[in-house]
Amino acid sequence: MAPTLTPPTPPPPHPGAAWDDAWRRALVAAPEAFQADRVRNLWAGTWRADGRSLPATSPVDGTAIAGPPMLGPDTARQAVRACLDQHRGWRHTPLVERKARVTAALDALDTHRDLLALLLVWEIGKPWRLARADVDRAIDGVRWYVSGIDRMAAGRAPLEGPVSNIASWNYPMSVLVHAMLVQVLAGNAVIAKTPTDGGVACLTLACALAAREGLPVSLVSGSGRELSAELVGSPEIGCVSFVGGRDTGAGIATAVTDLGKRHILEQEGLNTWGIWNFSDWPSLAAVIPKLFDYGKQRCTAYPRFVVQRSLFAEFLDAYLPAVRSVRAGHPLAVADPDDPLPELDFGPLINAAKAKELRDQVAEAVDRGAVPLHEGTLPDAAFPPGGSRDAYLAPVTLLEPPPSSPLHHAEPFGPVDTIVLVDTEAELLAAMNASNGALVATLSTDDPATYARLAPQVRAFKVGHGKPRSRGDRDELFGGFGHAWRGAFVGGELLVRAVTAGPEGERLPGNFPDYHLMP
């Protein structure tokens, strides 16, 4: 008789890391910004209990959490005008004082680093390691700008109006807060819209700490459709910074171009990894699990592999064992309360609706001819008892998604890889350029001359040779080709130049229509 197997005991949640604990700590840390059951909006230098608070649940396990306090366009109009008033005062603040105040805000963020990270875990499902890295990148990145702002801002002046920020939910600290603080450091007041899908409590705490140091930051919540006219089209706004999808971004791009307004618009693109005349399979296998960080919910994720058909068998020998090693699960579950929080590649997706959308897209693609090569599992040992798992999706890999499938031409923004086989270099380039512009791409080939010849033909802003490319901060230029980017490029001095005025007739480097280069 076969022995009876005892299933592993699911781990408990990490002590002290419950949402209620994080919420109580936030209330103590910034009582001006939080109420007992909701967050407040910040505008005109005051935290306000206005707006309709949306219900929200954590993707981690379905726990009820604080939702965004949604404002209407009339209140947003008042907030923009008040932001302009702040801007008129702040732009004349001496740089030495701006540096001191921003540094004090960074010190406060550092003090509350773990709380900010824990809020990110609950609000957007980011594993602990990645959540702390998000906070650290924001703090360390802005400190780098403080150290170099005298040189970067020499001969430049703040804009005539404040900077408006609309960003996606996946990197609230290292993208949105980072951008806001650099914009403030450069002499501008800023107004930001919280992402509707998550991150409102983390952003609220970060802005509360900044506002205490006298920084001119405004934080409001609301529907992008309802607030766009004010946050994008208001004449008071001097620059629009947007990170998000192409559908929303296309409308904003049209509006800012028509208005002649400065803009930085980072949009989605299908980042691809090409394999051509390649043999270093161990190096590829080593990087595959890292590409699943945060469930590929990143603007620089690689969801598409374009593989030379004659190398397909060798590619699978390297790829499949690597993807099977990817670890997904509850981001706060531990086997032993004395152990550190788990080292996961990713936890849940942003919400159950996104997980269902991807499951449906995978099923539809298979029905239409895609070949399923891998479907991962979510082991019970990676979850504490109880709680919803609806937002979780294990890695999936499909071969040859049909052209009718969104997985063929669009970024899935989740742990779904697709593989396309090609026979010629022309097919390789066509497949790598499927989305008419991307932020990053990689080409793995043994021959440097082949890389040098093909890489410039890939429609991505950064093309790596056998290695993934990242977004980059600090002194590394970042942008995109085609529809993946509109407006000024950023990184280091260029980020400061994008939100300051320089010599008359200055042309900002960026992806602008030829007829409308920004002064």
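This short talk presents side-chain interactions in a structure that is a predicted model.

Good morning, colleagues. I shall begin with the aromatic residues. Across the whole structure, a search finds 17 aromatic pairs. One of them joins Phe-305 and Tyr-319, whose ring centres are 5.7 Å apart; their planes stand at 70 degrees, so this pair is classed as edge-to-face. Where do the two residues lie? Phe-305 belongs to strand 14, which covers residues 304-308, and Tyr-319 belongs to helix 11, which covers residues 312-324. The pair therefore ties together parts that are 14 residues apart in sequence. As for accessibility, Phe-305 and Tyr-319 are both buried. These two rings also take part in a wider arrangement: ring pairs link Trp-273, Tyr-302, Phe-305, Phe-315 and Tyr-319 into a cluster.

Aromatic rings also meet charged groups here, and I would draw your attention to Lys-126. Which rings does this lysine lie over? The charged end of Lys-126 sits over the ring of Tyr-171, at 3.6 Å from the ring centre. Lys-126 also lies over the face of Tyr-294, and here the distance to the ring centre is 4.5 Å.

I turn next to the salt bridges. The count for the structure comes to 27 salt bridges. Among them is the bridge between the side chains of Glu-236 and Arg-81, with an N to O distance of 3.8 Å. Glu-236 is in the loop between helix 8 (224-231) and strand 11 (239-244), while Arg-81 is in helix 2 (residues 73-90), so this bridge ties together parts that are 155 residues apart in sequence. Are the partners buried or exposed? Glu-236 has a relative accessible area of 18% and is buried, whereas Arg-81, at 47%, counts as partly exposed.

A second example is Lys-296, which forms a salt bridge with Asp-417; the closest N and O atoms are 2.4 Å apart. This pair, too, links distant parts of the chain. Lys-296 is found in the loop between helix 10 (281-287) and strand 14, and Asp-417 is found in strand 17 (residues 416-422), the two being 121 residues apart. Both Lys-296 and Asp-417 are buried.

A third salt bridge brings together the side chains of Arg-497 and Glu-506, at 3.4 Å from N to O. Arg-497 is buried, as is Glu-506. Salt bridges also join into a network, which links Asp-74, Arg-77 and Glu-230.

The cysteines call for a brief explanation. How many disulfides are counted? The number is zero. Consider Cys-202: the closest cysteine sulfur to its own is that of Cys-207, at 9.3 Å, which is too far for a bond. A disulfide requires the sulfur atoms to be within 2.5 Å. Cys-202 has 0% relative accessibility and so counts as buried. Cys-207 is likewise buried, its relative accessible area being 3%.

I close with Thr-300, which lies in the loop between helix 10 and strand 14. This is also the loop that holds Lys-296. The relative accessible area of Thr-300 is 8%, so this residue is buried. Which residues does Thr-300 touch? Leaving aside residues up to four places away in sequence, its contacts are Asn-271, Val-440, Arg-469, Ser-470, Arg-471 and Phe-478.

Thank you for your attention.

Notes: Residues are numbered from 1 along each chain as its sequence is written. This is a predicted model: local features need pLDDT of at least 70, side-chain atom pairs count only at pLDDT 80 or more; totals for chains, interfaces and linings use all residues. Side-chain values use heavy atoms; hydrogens and water are left out. Rings of Phe, Tyr and Trp (its six-membered ring) pair if their centres lie within 6.5 Å; planes under 30 degrees apart count as stacked, over 60 as edge-to-face and the rest as tilted. Helices (H or I, at least four residues) and strands (E, at least two) are DSSP runs, numbered from the N terminus. Buried means under 20% relative accessible area, exposed over 50%, partly exposed in between (1.4 Å probe, protein chains only). A charge sits over a ring if NZ of Lys or CZ of Arg is within 6 Å of the ring centre and within 35 degrees of the ring normal. A salt bridge is a side-chain nitrogen of Lys or Arg within 4 Å of a carboxyl oxygen of Asp or Glu. Contact means heavy atoms within 4.5 Å.
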